[in-house]
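User: I'd like a close look at one part of this protein, and then how the rest of the chain fits around it. Here is what I'm looking at.

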Amino acid sequence: MKSVREISATPVPRPAAGRARCRQCGTRFTRKRAAQVFCGPNCRKRAADASTPRKTASELGKRASGGGQLGTKGKKFPDGPPKTPAELAAEAAQAADQRRRERERRNYSGLYFQWDYSKLKSIRGCRRSARDESAGVTLTVSPDGQQVGRKGLNRCASVWACPVCEAVIRGVRASDADKAITEHVRRGGMVLFVTFTVRHWSSHDLEDLIRVQVREVWKGLLQGRKWARSEAGNLRNRLGVVGTIRVIEVTVGQVNGWHPHLHVAVLLGGEQDPKPKKLKKGVQGPRQQWDPTVRRYFTPDAEDLDAFEAEWKAAWIDGVTAANPDFRPSARDGVDFQRVYTVKDAAAVGKYISKVQGTDVTSDWSVGAELAMSHVKQARGGNMKAMDILFRLAALRGGQVADELPGWGSIDQLLALWAEYELTTKGGQNMAWSEGLKRAYDIGTEDDQDAADRQAVDAEDAGTQLDRLIHVSARTQLEIGRKRVMVEVNEAARDAVKRDADPVIAVRAVLALVGIDSMGVWELSHDADEAKWKAAAENAGDRASETDNARARRRDQEATDLKQARGDRKRLVWKTVTDVSKH
């Protein structure tokens, strides 16, 4: 055996003369690349693959099946087969039903809170008791178990402060606004979506902000028609203004206070017959009926649109400044114009116009949705919508932790804000259509939006000839309201019809669980139901109505409550902000 010294002394054999070759493919290298081993990455990869031992069939099968030891990245179970369209549709329907249940529970939780704390008599009694003691209430359930109504309940039909009535009304409004705006664009017109705002601070009252915007500036902007008598000619006729849809959105900021603002959809690009001139005061004669049908559609000229936007912007800023200099809007943010030309964007605007106050709008996200569906996003700067105040109040009263809820404010602060909001907005018109616009697109029969809202609430509980009918006595309904189980009764009736079971037994079972006598619940035929409500209509004149003295006392109390709510808001909500501003 050779020693280490002998081995180290042995000369190393030199490579054979000639150029080096690639170890994989044998290609000769040039002298500049003589130090390389492989001619390229492909040969290097092939050599590496050749040196790696091949996996056995069992190992390959184990890898394909997703098996592996715990802690590895391999899947333990293989993915299932792709879902069929029917399965996907069933999952979507189940998810939609779950969202509906959550919305209904949230809305009724807000209504339960209103029963105890609202300053308005109509809302304290909304859906709580029967209008007629002898007729009671009829629970209507659709054949598919999706819709449940209650005929004969007292209802407030408030789109401002009642979360349950508001959901019904806005559903109808969404359909009407979407139909008018979408149909207008589909026929060849265009829509101008305008947002009007004013400057506001925490010291401003909500009533002053709404009055200046709606009753003074906006009303004067339409009635004065300064923009219709432009120096360059009749700009209104050149643009083809068919009508407007205006809504009020109210939010409240943690720093700058109340922020009511207007959203207006202006329908342009349509030619109509001129309106007949009104008779002079004192002159007798038949009133001419105006036909608002649009005769021709066109795309307005870009220069006229620019002139229209400039004139309305100047008129809004000047009008607000004249009404109250503290509210003077900025030239940049006071008025925002968005032009809508496509049907998809028009549909997004229609939904937004009708649902700005709500929080449950679902729509395809598009360019129009980006401009019109901003309420879906998280509000900036700690802003809350009006209904967010009520839902946070109801959750806090229910024992939920404040930090786990959206929005801001303690119970005392939110009570002051909500009282001022509902008392200020009472009787106000949240949504307004211009004259003849509904008739131009065959939408309902009521130009008065308040009357249309009342019709929508009444129609919700009317039902159809295919519905299952359940009679609930007035006393039983009163107990259902007192125990706060309106949603549970609705769900029991729905689920029973979906299972093709008896809904009367299901409703009685729910009432028995909460200790309510269910003898006042039984199934009703359509003929018996019709006879019951016919008798109730004949006895409607015998109901006691509010006297003039009682109405005057109620209004005086509401005025006192509003004054107290404003004081509480200034004392509790923005006290820190006021103190900081003094220093």
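Let's start with helix H13: how many of its 15 residues are buried?

Analyst: This is a predicted model, so keep in mind that everything below is computed from it. In H13, 12 of the 15 residues are buried, so you can call the helix mostly covered. The buried set is quite a mix: it has Leu 414, Leu 417 and Leu 423, but also Gln 413, Glu 420, Glu 422, Thr 424 and Thr 425. Ala 416, Trp 418, Ala 419 and Tyr 421 complete the list. If you trace the numbers, Leu 417 through Leu 423 are buried without a break.

As for its shape, H13 runs over residues 411–425 and reaches 21 Å from first C-alpha to last, close to the 21 Å expected at 1.5 Å a residue. Just past the end of H13, Gly 427 takes a positive phi of about 80°.

For a contrast, have a look at H16, which spans 474–483. Here Ala 474, Thr 476, Gln 477, Ile 480 and Gly 481 are buried. Those five cover an arc of only 160° around the axis, so they sit on the same side of H16. Turn to the other side of H16 and you find Arg 475 and Arg 482 exposed.

Arg 482 has a partner, too: it makes a salt bridge with Glu 479, with the closest N and O atoms 2.6 Å apart. The two residues both belong to H16 and are three residues apart, about one turn of the helix. An α-helix has 3.6 residues a turn, so residues three or four places apart point the same way. Glu 479 counts as partly exposed, at 24% relative accessibility.

Right after H16 comes Arg 484, with a positive phi of about 60°. Arg 484 sits in the loop that leads from H16 to helix H17 (486–498), and at 23% relative accessibility it counts as partly exposed. Most residues other than glycine have a negative phi. Ala 157 is another non-glycine residue with a positive value, its phi being near 55°. You'll find Ala 157 in the loop between strand S2 (148–151) and helix H6 (163–186). With a relative accessible area of 15%, Ala 157 is buried.

Next door in the sequence is Cys 156, so a word on the cysteines. The count of disulfides comes to zero. Cys 156 is in no disulfide, and the nearest cysteine sulfur, that of Cys 126, is 3.5 Å away. A pair of sulfurs has to lie within 2.5 Å to count, so that pair doesn't make it. Cys 156 is buried at 10% relative accessibility, and Cys 43 is buried too, at 6%.

Follow the chain past Ala 157 into H6 and you meet another salt bridge, where the side chains of Glu 166 and Arg 170 come within 2.8 Å, N to O. They are four residues apart in H6, so about one helical turn separates them. Both of these charged residues are buried: Glu 166 has 6% relative accessibility, and Arg 170 has 2%.

Helix H20 (548–573) has a pair with the same four-residue spacing, Arg 554 and Glu 558, again about one helical turn apart. Their closest N and O atoms are 3.3 Å apart. Arg 554 is partly exposed at 21%, while Glu 558 is buried at 11%. Salt bridges can also link up through shared partners: Asp 97, Arg 100, Arg 101, Glu 104, Glu 491, Arg 494, Asp 495 and Lys 498 form one network that way. In total, the structure holds 39 salt bridges.

Now zoom out to the whole chain around H13. There are 21 helices and 12 strands, and 43% of the 583 residues are buried. Of the contacts with a separation of 6 or more, 70% are between residues 24 or more positions apart. The accessible surface comes to about 33,200 Å², with 51% of it belonging to carbon and sulfur atoms.

Conventions. Residues numbered from 1 in each chain as written. Heavy atoms only, no water. Buried < 20%, exposed > 50% of the residue type's maximum accessible area, 1.4 Å probe, protein only. Arc of directions from axis to C-beta. Contact = heavy atoms within 4.5 Å. Areas by Shrake-Rupley, 256 points an atom, 1.4 Å probe, with all protein chains shown as cover. Salt bridge = Lys/Arg side-chain N within 4 Å of Asp/Glu carboxyl O. Expected span 1.5 Å × (residues − 1).
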